[in-house]
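Please read the report below alongside the sequence and the 3D structure. Terms are explained where they come up.

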Amino acid sequence: MSTQDMEKMVLNQTIYRNAVLNYKLTDPDHRFLVFNVCIDVPPNIVSDGLWGEPIRGALQPSRSTLPLFEMQILTIFMITQCFHLILKRLGIPYFVSQVMAGFVLGPSFKISDSWMEFKHFLFPYGSEDMLSMISLFGYAFFLFLNGVQMDFSMITRTGVKAWTIAFSSLVIPTVLGLIVSYNYMENWQLSLGEFDAKNLPVVVIGHTGCSFAVIASLLSDLEILNSELGRLALSAGLVMDVITTVGSGVGTAIISSIKTDSHDDVQGKGTKLALFSSSVYLAFIILIPLFARPIMRLFVRYTPEGRPVRKIYTYMVVLMALGVGLLGMFSRQSALAGILIVGLVVPEGPPLGSELIKQFELFSTWFLLPLFITSCTMKVDITLHINNKLVITMVGIIIAVHLLKMLITVGICRYCHMPKTDGLCLALMLSCKGVVDFCTNVFMHDAMLLSNEAFAIMTISVLLLGTMSHVAVKLLYDPSRKYAGYQKRNILNLKPNSELRIVSCIHKPSHIIPIKNVLDMCCPTSSNPLVVHVLHLMELVGRSSPIFIAHRLQEKIGSGHHNFSEDIIVTFDLFEQDNAGTASVSSYTAISPLRFMHDDICYLALDKLASIIILPFHVRWADNGSVESEDDNIRSLNSRVLERAPCSVGILVNRGSSSNHTNSKQIAMIFLGGADDREALCLAKRTIKECAYSLVVYHLVSNNEDFTNWDVMLDDELLKGLKGAYGSVENVTYEKVTIENPSETTAFVSDVANHYDFIIAGRRNGVKSPQTAALENWMEYSELGVIGDLLASPDTNTKASILVVQQQLMPKS
């Protein structure tokens, strides 16, 4: 569009009383046009309707702010939903539909003169800025809520792998890209022009980093947020986002404090001001969390458990966010930076974080934010005549940056023995672009750091990268493996004198004492401490949203208020007190639909780096040995956890009394061989640290065993360690039993079952051996394996508790 056409359009269709082109401030190459406008004060907000006086513009919506705003909202949402109705079936994110609506309503979509007249009528000059200003609050609260949902402590718990991926895939492309940009700056200026060449480093930095909010949205859309791969992507994304944000903030403080060209006539700019501004910014991001976090901790502490926070607390947090945003402007930053920092210091989860999300997510994220994205997209004109050299240069830089990022990410993943597909998925996740990246480009364009042509190219690149990442990850990644671990989280691979982390699940009161007895048997000591996370699982009934409560986060206030899982909390608090200094217990309550309970268990085990999950068996026995009740829902849950768990799993079968506390126990371990039996033996070895327990290890072997088999060699090595280290200890006995056929196995298990208080066995899923081959077809409880099924059979006379262990299932490379 020519300058004359733009000036004519502005004069004919505008919300202002008058508009005149300012030739002095307008860019000589007409990249940016500056108008002097005349505004009515106070403005005409509400239309007078059909009966208003024509001279006041009653029949012209463009002269009345509210009717115009309502028509714009209606039009934007209608077009956005039409696009989303089609694109969502292709796996394309909602953000793309919002941008497409902006293309249709902006200068990019020119199908007829009547359509252009309608757009000029609906969006007269100046109305986009008003729409953007109102909806900008939606983007501000979107950043705030993403900060609330972000577990910033994750950055301190992030492993070496995530740090290496994040640092390498961010720093290496950034450094190489900036070197190429600045070393060949003279060549770029000759071919692209001074303005576009000077801003090529902005393009490099914009594509080397990634946004935590965008990655979290991608993982949430694909329902793999709690997966091991998702956690790795979030950890790496968080590190990259923090480094980029801090670096950009310091860079903004420095650049805004020095003279960048000869036309900059602002007084006082220089090195001293740059050092002062950057120091103020760093002090700002350090001091705000130090003062704001304790205040929010007080809000959580004075909120009764299970209750929502008081409204006054949420109002104070919002006012704090807005106030800190204004304060951030003194450090030469956008107000959005301060709002994001306050969001980061809000304690995530219930009660405060979840309440803020509940109150503001709908209005800000789903109403105002789409308006902001669409109104900003209306500034983009993809039909502009763009210099071919500019297109080739920018597209080449973008492709080179992302290819380098992906190669680095995939290479590090392969070095860490991750499957190739998962490495490629992680690389695609870290290359994903979305709402935050697009809005950053909008702000750079408004600050005249990107020309209209460069802005159009950057917008298209964000659309393509965001769409490709969603579609490709959805095609490549198998969601059934979302809890598959890449680290060995089992008892066998624990380092010597390291703590044993256990997630224990409880459904009913009858499960409390048996679980506590298992923890007692693990014998916590100062050199081998025990960290237990007790999860009380309850079915979601009469509510629409699931609840997850960490009982240590909220202070119990008031004696009349009912506390969730009170018996469980009291029982395991006493266990912690009895083992002071050697055991730590945290209690949780998860209220969710039955079909999603395994997600709560697996996610907690993944989050707490557990080595084993202990699940109660679905059958309950009466005191006379008969089956009292069965719960098929618990059995289905146990099967799902066995398939998906990120660590080892133990199923606890209690055939004795549910209220029986035993201080002295006779423990047996039935060992046939294989990974599950080795894991069970490592757990049994922890019990011999306590003299009150007596351990007997029965090693069942056959005469025709292949001693060259790798599994047999590993079994023998582990048993040698047991016999060599503990053979002289009076409470440990090792017996080698030769068994040739399944009938002998059945007779042996039946004989042993009634002589011990506690029996440990491996599940041995998929492991074939002559001692158990024929028994596999007769199993009633396949989740227990052959030995566990024999011990849990009603035909076996025993009062023992049985723990059947399955070692962590590792994904295949």
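A residue is called buried if its relative accessible area is under 20%, exposed if over 50%, and partly exposed in between, using a 1.4 Å probe and protein chains only. Helices (H or I, at least four residues) and strands (E, at least two) are DSSP runs, numbered from the N terminus.

## Basis of the report

This is a predicted model, in which local features need pLDDT of at least 70 and side-chain atom pairs count only at pLDDT 80 or more, while totals for chains, interfaces and linings use all residues. Residues are numbered from 1 along each chain as its sequence is written, and side-chain values use heavy atoms, leaving out hydrogens and water.

## The sheet

Two strands are said to pair if DSSP finds at least two bridges between them. An open sheet of 11 strands, with mixed pairing, follows the order β5-β6-β4-β3-β7-β10-β15-β14-β11-β12-β13. Its edge strands are β5 (547-550) and β13, each of which pairs on one side only. From one strand to the next, the twist averages 20 degrees. Axes here are lines fitted to C-alpha atoms, for helices over the stretch in contact, and angles run from 0 to 180 degrees between N-to-C directions.

## Strand β12 and its neighbours

How many residues of strand β12 are buried? Nine of the nine residues of β12 (residues 693-701) are buried, so the strand is largely enclosed by the rest of the structure. In a regular strand the side chains alternate between the two faces of the sheet. Tyr 693, Leu 695, Val 697, His 699 and Val 701 point one way from β12, while Ser 694, Val 696, Tyr 698 and Leu 700 point the other way.

Strand β11 (residues 665-671) runs parallel to β12 and is joined to it by seven bridges. Lys 665 has Tyr 693 of β12 as its bridge partner, and Gln 666 stands opposite Ser 694. Seven bridges also join β12 to strand β13 (residues 732-738), again in parallel. There, Val 701 is partnered by Thr 738 of β13.

## Strand β6

Strand β6 (residues 583-592) is mostly covered, with nine of its 10 residues buried. Strand β4 (residues 530-539) runs parallel to β6 and is joined to it by 10 bridges; one bridge partner of this strand is Val 585 in β6, which matches Val 532. Strand β5 runs antiparallel to β6, with four bridges between them, and Ala 550 stands opposite Tyr 588 in β6.

## Helices on the sheet

Contact means heavy atoms within 4.5 Å. Helix α27 (residues 742-753) lies across β11, β12, β13 and β14 (758-762), and runs at about 175 degrees to β12. Helix α28 (residues 785-792) packs on the sheet and touches β10 (648-654), β11, β14 and β15 (801-806); its direction makes about 165 degrees with that of β15.

Helix α25 (residues 675-687) is mostly covered, as 12 of its 13 residues are buried. Among them are Leu 681, Cys 682 and Leu 683, and also Asp 676 and Arg 678.

## A pair of helices

Helix α18 (residues 420-430) and helix α20 (residues 452-476) pack at an angle of about 165 degrees, with their axes 9 Å apart. The two are therefore roughly antiparallel, a term for angles over 145 degrees (under 35 is roughly parallel, 65 to 115 roughly perpendicular and the rest oblique).

The contact is made by Thr 421, Leu 424, Cys 425, Leu 428 and Met 429 of α18 and by Ser 469, Ala 472, Val 473 and Leu 476 of α20. These residues divide into seven nonpolar, two polar and no charged. Ala, Val, Leu, Ile, Met, Phe, Trp, Tyr, Cys and Pro count as nonpolar, Asp, Glu, Lys and Arg as charged, and the others, Gly among them, as polar.
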